[in-house]
Amino acid sequence: MVYDQLVLRYGDLTMKGRNRNQFEKKMLRQVKNALTGFEGVTYWKTYGRLYVRLNGHPYGPVADRLKELFGLTSLSPVRSCSPDLEDIRAAALAVMSALSTPPKTFKMSVKRAWKKFPHNSQEMNHLVGAHVLRAFPELSVNVREPEVELRVDIQEESAYIFCEVIPAVGGFPFGSNGKAMLLLSGGIDSPVAGWMAMRKGLELEAVHFHSYPFTSQQATDKVIELSKRLSYFSGTPIKLHLVPFTDIQTSLVQAGQEHLIITLMRRAMLRITEQLAERHGALGIVTGESLGQVASQTLPSMNVIGRAAALPMLKPLIMMDKQEIINLAVKIGTYETSILPYEDCCTLFLPKSPSTNPNMRVVERIEAGMKELDDKIAVALQNTETLMLTPNSDNSAAQAGEDSWF
Amino acid sequence: MKEKLYMDYSASAPLLSEVADTLLEVTRQIYFNPSSLHEGGIQAAKLIQRSRTLVAEKLGTASGNWLFTSGGTESNNLAVKGAARQYRNRGKHIITTAIEHASVHESMLQLQEEGFKVTFLPVGREGHVSVSDVEAALTDETILVSIMHVNNEIGTVQPIQEIGRLLSSRPRTLFHVDAVQSIGKLPLDIEGCGIHLLSASAHKLGGPRGVGLLYVKEGITLQPLLSGGSQEFGLRPGTENVPSIVAAAKAVRLAAEGAEASAAAMKPLRDKLRAFAEATPELKVNGAEPLAPHIVHFSYPGMKPEVIIHMLEQHGILASTRSACSSKDSKPSRVLLALGASPSQASGGVRISFGNCHREAHVDVLIKALESIISQLKHLGRST
């Protein structure tokens, strides 16, 4: 195994001073969570960088896991050696020999961060590059379009030799921008919205409304799977609040304003979510709405619906095309789960012609006429079930039957 | 029936008692149809899902699907015919060997009638297909290569890894491996070998009859053999046999977890028996290394194999003439003919196959019985 460590780069967090230290600590915790399956790897950090000592693990699977973790901009498998010319030369040869296809051209890039090292970067480019050229007679230098860029990073504690920079998903470390609630329906959009919000460093708690017997347990299982997937990207457990919505939904249906049902439902959901946010210290509500996609997502609808809550509404997908959203869903691995054919409560009782331009006063009048609505919201909150999920949480199938049967 | 010494594990292994418990309990409790919407149906569907996950974990596949079928024969039929018919627009050439199990061989003959061109690769005298023969047979039209891992009759191990490597640069050629005789006996890195389709059977591992497994790599689709519902990812309609599927998953787990130990235990038995047969002038041992740990095959040239089987049974030993599926067939063995045996030699095979319960003492009993049989028969043998 030619590489002994992975170096993880945060990019410019534009976080200075004390903040930076906190974020680095957070990042380390996320990385550790993400790598729980890799026994024996160890960690250490310097200013602005985090290192994973592989201790015998091949770097591929570790890198594949980390490049999807929010807060990292890139990573490289590196071979470390003492900051000494001969050791660096030997390590450079080892790294070049380990390439799966021997390159025809290469370029040297030495960076001397430790200024007490006796040779400067220019001299080192030559001293290491010439050594490599002697060892590989077929190889030549091409500084413009090299097939391989052989990099040497000289720090006081070690020199690091590598030639691969793996781009990571970027974003901010988990929770560095506060906490919000995510409305998670089980469809294609809301998990993508959650992913985008989390990439920006938002800590999310997911909220799902279910209407058994009008929706099924499978619809809820779907949302559990999606939440687990989101937790995979943050490297942090996620809370999922399951709100029983049947009673509220059926009473809204009976209010007799078919074209306003969706508007009324969404307002009730926001009220419940806002109360959950207050209990859990969240300062915003993230939704998967995309302008004009359905009747409740026109600007007039969003206006009437959004006024039910005072918290800021964050809508990462608002200006995206459906196809762009689908592409992202496929990329982050939520699409297959999202398209499982179990109805969620928003598609139930879907009116033939839902209002795209609801009248605020009519909506408020209907709500004022439903004296029991506040009580029902209180009951729904009281009966809300909260799950704490991680990517490895057992799915319900893993607990099916008796363990002794397997 | 008097206590018998059962040495026909490759035909079928006795149901393990912990697997029998699962079978009985699930049969009694989970009578629901997994497609039903009620809680019972959902529970049944989840049991299948859990079984699938367990099989994938124990057999080391990270992606792709494991289907449950009615047995190794159906898995092989679905893999070979399903893949050929699905990808017929890519080309119409298929490569297989002359020593495949009947379920692959006959499927190939059927495909030939449908207009596919099938190359049946020969094997060497020791029963192995050569990688260079596979390479030479490949054309731009080749859509499928189907080669067994362990031969069911003589126990030879085919070079699956090397063939997989050879095919790795040909994304349009699918690789099917009939691993019915090898799962739980020999390690096989399914994904690492570039395998697209792999067949297995539960009752060879101490699981119930009537359950086969078929691994289908991610991105591969098959034309179903049957028409009906959308069970098993739409590839195999029919109400799932939940109790047997759960029991099969348990059998796979037990076999996979014990594979290394049982191979280590069976190898010396195999070697002792082979050494005896090699030292006995009347017998001819078939196949050579690499060999599976649990199968020994030898011929008694000039003597009908049934005679040996019947006489072994008089000694309380149960064995097979060859693949049990064709042992009632009086024609010479297709596998032995492929090894270059004459038709009379090819009729004379005895297959001994071991299981976990066998110890050296059992092999000693078998050897004694064979010595006695040979001393009786030796004066009756007709030279050929």
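Over how many bridges do strand 1 and strand 4 of chain A pair, and in the parallel or antiparallel sense? Strand 1 (residues 5–9) and strand 4 of chain A pair in the antiparallel sense over 5 bridges; two strands count as paired if DSSP finds at least two bridges between them. This is a predicted model, in which local features need pLDDT of at least 70, side-chain atom pairs count only at pLDDT 80 or more, and totals for chains, interfaces and linings use all residues. Residues are numbered from 1 along each chain as its sequence is written, while chains are lettered from A and ligands numbered from 1 in the order in which they are written.

**Strand 4 of chain A and its partners**

- Strand 4 of chain A covers residues 74–81, and 7 of its 8 residues are buried, so the strand is largely enclosed by the rest of the structure. (A residue is buried if 20 or more other C-beta atoms lie within 10 Å of its own, exposed if 12 or fewer, and partly exposed in between, with C-beta atoms placed from the backbone.)
- Helices (H or I, at least four residues) and strands (E, at least two) are DSSP runs, numbered from the N terminus.
- In the pairing with strand 1 of chain A, L8(A) stands opposite L75(A) of strand 4.
- L75(A) also stands opposite I166(A) in strand 9 of chain A; strand 9 (residues 166–167) runs antiparallel to strand 4 and is joined to it by 2 bridges.
- Strand 8 (residues 159–162) of chain A pairs with strand 4 of chain A in the antiparallel sense over 3 bridges, and here A159(A) stands opposite C81(A).

**Domains of chain A**

- Chain A is divided into domain 1 (5–167) and domain 2 (179–399), with bounds that come from an automatic or database domain assignment.
- The C-alpha centres of domain 1 and domain 2 of chain A lie 43 Å apart.
- Contact between them involves 7 residues of domain 1 and 6 residues of domain 2 of chain A; two residues are in contact if their C-beta atoms, placed from the backbone, lie within 7 Å.
- On the side of domain 1 of chain A that touches domain 2, the residues divide into 4 nonpolar, 2 polar and 1 charged. (Ala, Val, Leu, Ile, Met, Phe, Trp, Tyr, Cys and Pro count as nonpolar, Asp, Glu, Lys and Arg as charged, and the others, Gly among them, as polar.)
- An unreviewed UniProt entry lists residues 60–165 of chain A as "domain: THUMP".
- That span, residues 60–165 of chain A, is 33% helix and 27% strand, and its end C-alpha atoms lie 13 Å apart.

**Strand 3 of chain B**

- Strand 3 (residues 93–97) of chain B has 5 of its 5 residues buried.
- H93(B), I95(B) and T97(B) point one way from this strand, and I94(B) and T96(B) point the other way.
- In a regular strand the side chains alternate between the two faces of the sheet.
- Strand 3 of chain B runs parallel to strand 4 (residues 117–121) of chain B, with 5 bridges joining them, and to strand 5 (residues 142–148) of chain B, with 4 bridges.
- I94(B) has bridge partners V118(B) in strand 4 of chain B and L144(B) in strand 5 of chain B.

**Contact between the chains**

- The contact takes 15 residues from chain B and 9 residues from chain A.
- Helix 2 of chain B gives the largest share of the side of chain B that touches chain A, 8 residues.
- The residues of that side of chain B divide into 6 nonpolar, 4 polar and 5 charged.

Conventions: UniProt positions renumbered as here; feature names shortened; annotations may be inferred.
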